[in-house]
Amino acid sequence: MRITLTVNGRDHALDVEPRRVLADVLREDCRLTGTHLGCEQGVCGACTVLVDGEAVRSCLLLAVQCDGRAIRTVEGLAGPDGTPHPLQRAFSAEHALQCGFCTPGFLMLAAGALESDPAIAADPERVRALVGSNLCRCTGYEPIHRAILRAASE
Amino acid sequence: MPHGYARREDERLLTGRGRFVADIEAPGCLEAAFVRSAVAHGELREVTCAPALEAPGVLGAWSAADLPGLPSPGLPASGPPDEPVLLTTLTSAEAVAGREWPSLVTERVRYAGEAVAVVVGEDRYRAEDGAARVGVRVDPLPAMVTAAAALRGPALFDGLSNVALEGSAGAPIDEAVWRRAAVVVEACYRQQLLLPTPMECRAFLAVPRGQELTVWCSHQMPHRLRRELSGILGWPAGRIRVVAPDCGGAFGSKSATFPEYVVVAYLAAMLGRPVRWIEDRLESQLVATRGRGQDQRVRLAADADGRLLAYELTIDADVGAYPHLGAGLPMQTAKMATGPYTTPLVHATVRSVLTNTMMTYPYRGAGRPEAATALERTMEELARRLGMDPAELRRRNLIPPGRFPYDTPTGRRYDSGDYAAALALALRTLDYDRWRAERDRRRADPDAPPLGIGLSCYVERSGGEPGGLHEFGGVEACPDGTVVARCGSASTGQSHETTFSALVADTLGLDPALVRLIEGDTGEVADGMGSFASRTAQIGGAALRRAAETLVEQARLRAATLWELPVDQVLWSAGTLRPARGVAPTLGLGELVRATGPLRVDERCTSGMAFPFGTHAAVVEVDVDLGAVRVLRLVAVDDCGVALNPAAVHGQALGSAVQGIGQALYEGVPYDDDGAPLLPNGLLDYLLPTFAEVPPIEIASTSTPSPVTPLGAKGAGESGCIGTPAAVVNAVADALRVADPGLLRMPLTPDVVWRAARAPKAGDDR
């Protein structure tokens, strides 16, 4: 099936099997391997990307469902000149990553939340719920929590 | 750092430019999917691969019978005679003898998920299409899921015992000791099976080129993998290059050579095409290695003043279906059974029992959590029986600082420590007395949810075992003035690039930006052990420091020759050489190399075994109606000697503490009676802690340098898995005052806690 995905502002005209999930198409067809697969059942959130600004588990969405939609992945987070996104700076500063495998998912999750509602940072419960929606096995989460608050305050 | 990133690793990992195995593009790469037995134990009667070949995009499907040349994983390889034995204690030749672990099942299935066939396709979808069409017929045999069942049951390997390995540490204790003691606590514990669960599952890509094979693998020990693949495939090691690129966590589970790796490497060579296997989560939960898995019985004797007299630990470990991976690991528990106390008599015995489950293998802590948890749970009970403050009971028995090096009854020589200082800091950080007052207040109030405080003092071992306490480190000065450092380890998330670049730069007096670390590539690093046993800072760091120091000496010698001066007239500072007197110009490292040729130092450094230690303390509140445990506070005081990178150590302590909470409260692999793991819904059944389960955690440290390691460093990173579980369970025991400590079986699910809350109470109120 022919589809067009607009990924990080660039159009990708693709011919994909309807059964292929978005994460596989981003990784294999668009060669954007920053989106990682941790469970393929929608639990861990490592594959989180933004579709029309909304955070989704790209392992649970078919690529064909995203035809014509705007997708943002971790590769599109920094500015065009490579200037880091506030979340990228904050994650580093707070040691919010160790192995880095879950990190793109947390970044996109937080980017989606902060961009759609910057007021979220003022609501501790919502920020806690946000951090609690993805899995990380290295950091113990608190550094991720601090990083999101830090980025939000910039 | 570019753009002000805190770690070297961060820029690529934060921008999607990390390079994990599944990210590597190998043109023409095929994908492997394994057909796995749903039956845990049975005779394999038939495998029908032909239908798989009818699925579009499937290039091949094979059972063991179709691949007569397919070799099997053997014993973890020791090196050639001139190289020290690699992993001396994980298993033994005797345990493995006569118990072949086939790469694909030949006659008998011994664990659920064991691979009976492999299918390769153009992509994972097609490979799985093919795998779904493969017919498998297994005639079931009764499954033996527990050690107790396997001790009674039929032989897993005809003619051989189900006990793969027996051992002991310490001398047997005279029965009179128990008879005469004022108090003897007896208890039984279960150290449940855990899934290490790195966020990246296993991943293996084999790329053949001519007579050579490049393997990309998410792995902790690339040189071991090369050595073992070479031995198994019968290829000279020089024809195999192993690269361990970015790794999405390992926690001990990624250091072996698994059957899937052998199959994929074999097929890649046979087909002359790249083949990869990217394990998915369901597959990982079925057949990745498990941690822990011990049934324990303990006896602990003390006099009326709470002085420990004797401790006995009896372990039946359910090590899984084949003894190849971790049959010897429970001996680590036996050797560490003494813990941090002066107990004069300690005896620990181990039986490693083969069962119809996937095998156990090191998982963060690896034998030491099992030792610490058994002892510390029992100390809690002893304090209750004596009517003594658990902190005071420990204080009376901790090995005092003046007694190091301390030879334990179980054969360890502890290098250094101030165990009481760590305990005192933990109590102070927690505000122990305030929480005890709150606990007592709640005990007097029938409407208040019970609260409990739990302590856990631990001592661990870092570096590895004798024969494996070495690591490779090399430093090379480049003509452009930069420096390349090479380390035989492989980072799985522990900030090696940041830490070791800074260490080498510091030794040379250079800007860290001028130093680049290369590791995880047998093509670039001559030799190596890898990342396990919390060893890399302790031993790899020492090798790099020494290599850098030797490089300075060699640079001075060269400059002395160049300037026709005695070497003591050549000074080195901040990466620059200059004569002690006179006006001759200074010479940078790069200029020296340009003038005198390549300058490179390779070192292999050996360290002693080190013994990090600490005290963890937890406060919990229990909802007795729901059986829910709420951790209100956790304090972790760890001592890893000299910390090379305190931020990294802090991160490791925090992350491992959360894994320790996971073992105490949430994680475990239940099996049904037929030997199938009861995790049909993946990570919805195997509950990793999320942020919602993380309590306020305070990490603190003391620092007692090790006298037996060159940098004074001890291992860091496993403390939480070792110290935290018993602290949490002891806190629940304190809250509920359960008479039988064995009732609080980990994980403390609501079901376990609800029942324990209704069980007979201990009488005493200390």
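**Exercise 1. The core**

How many residues does the largest nonpolar core have, and which residues have the most contacts inside it? Find the domains of chain A that give residues to this core as well.

*Solution.* Keep in mind as you work that this is a predicted model.

Step 1. The largest nonpolar core has 299 residues. The most contacts inside this core belong to B:Ala117, B:Val119, B:Val264, B:Val728 and B:Val732.

Step 2. Now look at chain A. Domain 1 (2-76) and domain 2 (86-153) of chain A both give residues to the core, so the core lies between them.

Step 3. Pick B:Val728 and list its contacts, leaving aside neighbours within four places in sequence. B:Val728 is then in contact with B:Gly454, B:Ala618, B:Val620, B:Val631, B:Ile661, B:Ala664 and B:Leu665.

**Exercise 2. Two domains of chain A**

Describe how domain 1 and domain 2 of chain A meet.

*Solution.* Step 1. Start with the bounds: the domain assignment gives domain 1 as 2-76 and domain 2 as 86-153. Taken over C-alpha atoms, the centres of these two domains of chain A are separated by 21 Å.

Step 2. Next, look at the contact. Domain 1 of chain A brings 16 residues to the contact, and domain 2 of chain A brings 15 residues.

Step 3. Turn to the side of domain 1 of chain A that touches domain 2 of chain A. Here β3 (48-51) and β4 (54-57) of chain A each supply at least two residues, and β3(A) gives the most, with three residues. By class, this side of domain 1 of chain A has eight nonpolar, seven polar and one charged residues.

Step 4. Finally, place a helix. Helix α3 (residues 103-116) of chain A lies across β3 and β4 of chain A, at about 35° to β3(A).

**Exercise 3. A sheet in chain A**

In what order do the five strands of the open sheet in chain A run, and which are the edge strands?

*Solution.* Step 1. The order is β2-β1-β5-β3-β4 of chain A, and the pairing is mixed.

Step 2. The edge strands of the sheet are β2 (10-15) and β4 of chain A, each of which pairs on one side only.

Step 3. Ignoring direction, neighbouring strands of the sheet are turned by 40° against each other on average.

Step 4. Zoom in on one pair. Strands β1 (residues 2-7) and β5 (residues 70-72) of chain A pair in the parallel sense over two bridges. A:Val7 has A:Ile71 in β5(A) as its bridge partner.

**Exercise 4. Where the chains meet**

Which elements of chain B give two or more residues to the side that touches chain A?

*Solution.* Step 1. Between the chains, 45 residues of chain B are in contact with 45 residues of chain A.

Step 2. On the side of chain B that touches chain A, the elements are α1 (10-14) and α18 (646-666) of chain B. The largest share, six residues, comes from α18(B).

Step 3. Sorted by class, the residues on this side of chain B divide into 20 nonpolar, 15 polar and ten charged.

**Exercise 5. Two residues of chain B**

Is B:Ala366 buried or exposed? Try B:Leu282 too.

*Solution.* Step 1. B:Ala366 is found in the loop between β15 (345-354) and α11 (368-386) of chain B. B:Ala366 counts as buried because it has 27 C-beta neighbours inside 10 Å, and the cut-off for buried is 20 or more.

Step 2. Not counting residues up to four places away in sequence, B:Ala366 touches B:Gly252, B:Leu329 and B:Gln332.

Step 3. B:Leu282 sits in helix α9 (residues 281-287) of chain B. With 18 C-beta neighbours inside 10 Å, B:Leu282 counts as partly exposed.

Definitions and conventions: Residues are numbered from 1 along each chain as its sequence is written. Chains are lettered from A and ligands numbered from 1 in the order in which they are written. This is a predicted model: local features need pLDDT of at least 70, side-chain atom pairs count only at pLDDT 80 or more; totals for chains, interfaces and linings use all residues. A nonpolar core is a set of buried Ala, Val, Leu, Ile, Met, Phe, Trp, Tyr and Cys residues joined through C-beta atoms within 7 Å. A residue is buried if 20 or more other C-beta atoms lie within 10 Å of its own, exposed if 12 or fewer, and partly exposed in between; C-beta atoms are placed from the backbone. Domain bounds come from an automatic or database domain assignment. Two residues are in contact if their C-beta atoms, placed from the backbone, lie within 7 Å. Helices (H or I, at least four residues) and strands (E, at least two) are DSSP runs, numbered from the N terminus. Ala, Val, Leu, Ile, Met, Phe, Trp, Tyr, Cys and Pro count as nonpolar, Asp, Glu, Lys and Arg as charged, and the others, Gly among them, as polar. Two strands pair if DSSP finds at least two bridges between them. Axes are lines fitted to C-alpha atoms, for helices over the stretch in contact, and angles run from 0 to 180 degrees between N-to-C directions.
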